[in-house]
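Please look over the backbone notes below against the model. They are kept short and can be read in any order.

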Amino acid sequence: MDTTLDWFGCATFRLALDDLVVWLDAYLDRVPGAPGPGVRADEVAEADWILVGHSHFDHVWGAERIARNTGARVVGSYETVRVLLAAGVPPRQLVAVAGGERVRLGPHVVAVVYPSQHSCVWAHREFPGAGEVCLGDLGLTYDERQARFAELGAWLVSVGPDVLEHLRASDQHALGDGGALVFVLETPAGRLLYQDTSGCWTSMLRNLQPDVAILAAAGRGNLDGEPIQGSLAQFVAAEARLLQPRRVVLSHHDDWLPGFTSGDLDVAPVRAALACTVPRSDLLELGYRGGDDVFGGLPGR
Ligand SMILES: [Zn+2]
């Protein structure tokens with residue numbers, strides 16, 4: 001089976017499973033100045049499915065146009081589905097999930113959905129570096145986190161007019177992240193886990209044992225609802241310890257929103273933490289649209 005994975009920046013990927021085209025997130029239209037492959041959502045001609053990890057703009061924005069233009073079906077949270085309905089995607093193309101569902105994508109491919117967690121985006125302004133140890137911020141209530149998130153929103157406006165205009169253009173009025181999800185794609189070539197924000201329920205990841213895990217590396221990691229007491233590199237390694245994948249692919253670690261992101265993430269601390277924690281796994285580092293065989297040459301368990 002052809003299993004080509006192309007990265008389009010942020011947490012957006014295109015996975016070709018023979019002639020089945022599965023998009024993982026749909027954020028393609030970037031703020032001016034952000035590097036990327038230069039493909040716009042309007043230009044996407046091939047899509048059978050779009051799996052959306054959560055309903056923030058840098059994940060779902062674009063899905064409405066790809067779905068309308070191609071007829072692709074979209075799997076996402078109830079909030080993602082609500083946003084896409086409001087954007088004119090026909091209901092028959094929308095599959096609302098919350099975790100626990102098995103969605104058949106093709107004759108030999110099933111996506112299994114699991115509930116997950118969003119990164120603690122309320123806990124920082126600029127994204128911390130991968131090796132930066134972050135402490136505290138424990139036990140905040142919903143309202144306290146909302147207040148911190150509002151401060152972040154106010155600060156983001158100061159990043160510049162291009163970012164502000166982008167935030168306006170991409171605003172689909174989603175209610176928060178809508179509840180983050182992870183997907184495990186069961187294919188004849190192997191099992192692929194897809195995550196698009198740095199958060200998890202540790203009990204959920206245990207025993208999934210994907211062959212390949214796409215793990216988000218951005219912001220302050222969320223372990224079981226609380227910010228990690230440590231670094232992003234330690235967070236990714238903690239997830240890998242639970243998953244024991246044969247291969248790790250990173251997502252969300254590029255300079256997708258300059259000012260909020262401070263350049264491409266230096267992944268050296270992540271690479272070092274993974275080498276320590278899961279020494280038999282390899283780290284596949286993707287460039288934009290590299291056309292990599294995601295299951296090719298996998299190391300043994
Ligand atoms: Zn998000």
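The points below concern two backbone angles and one helix in this predicted model.

1. Most residues other than glycine have a negative phi. D18 departs from this, with a positive phi near 50° in a residue that is not glycine. D18 sits in the loop between β2 (13-17) and β3 (20-24). It counts as partly exposed because 16 C-beta neighbours fall inside 10 Å, where 20 or more would make a residue buried and 12 or fewer exposed.

2. H252 also has a positive phi, about 70°, and is not a glycine. Its place is the loop that runs between β15 (247-251) and α8 (268-277). H252 has 27 C-beta neighbours inside 10 Å and therefore counts as buried.

3. The loop holding H252 leads to α8, whose buried residues are P269, V270, A273 and L274. These lie on the same side of α8, because they cover an arc of only 130° around the axis. As a general point, an α-helix has 3.6 residues a turn, so residues three or four places apart point the same way.

4. What lies over the buried residues of α8, and what is on the face turned away? The cover includes α7 (232-243), β15 and β16 (282-284). The face turned away from the buried side carries the exposed residues A268 and C276.

5. β15 comes up twice: it precedes the loop that holds H252, and it is among the elements covering the buried residues of α8.

Note on methods. Residues are numbered from 1 along each chain as its sequence is written. This is a predicted model: local features need pLDDT of at least 70, side-chain atom pairs count only at pLDDT 80 or more; totals for chains, interfaces and linings use all residues. Helices (H or I, at least four residues) and strands (E, at least two) are DSSP runs, numbered from the N terminus. The arc is that of the directions from the helix axis to the C-beta atoms. Two residues are in contact if their C-beta atoms, placed from the backbone, lie within 7 Å.
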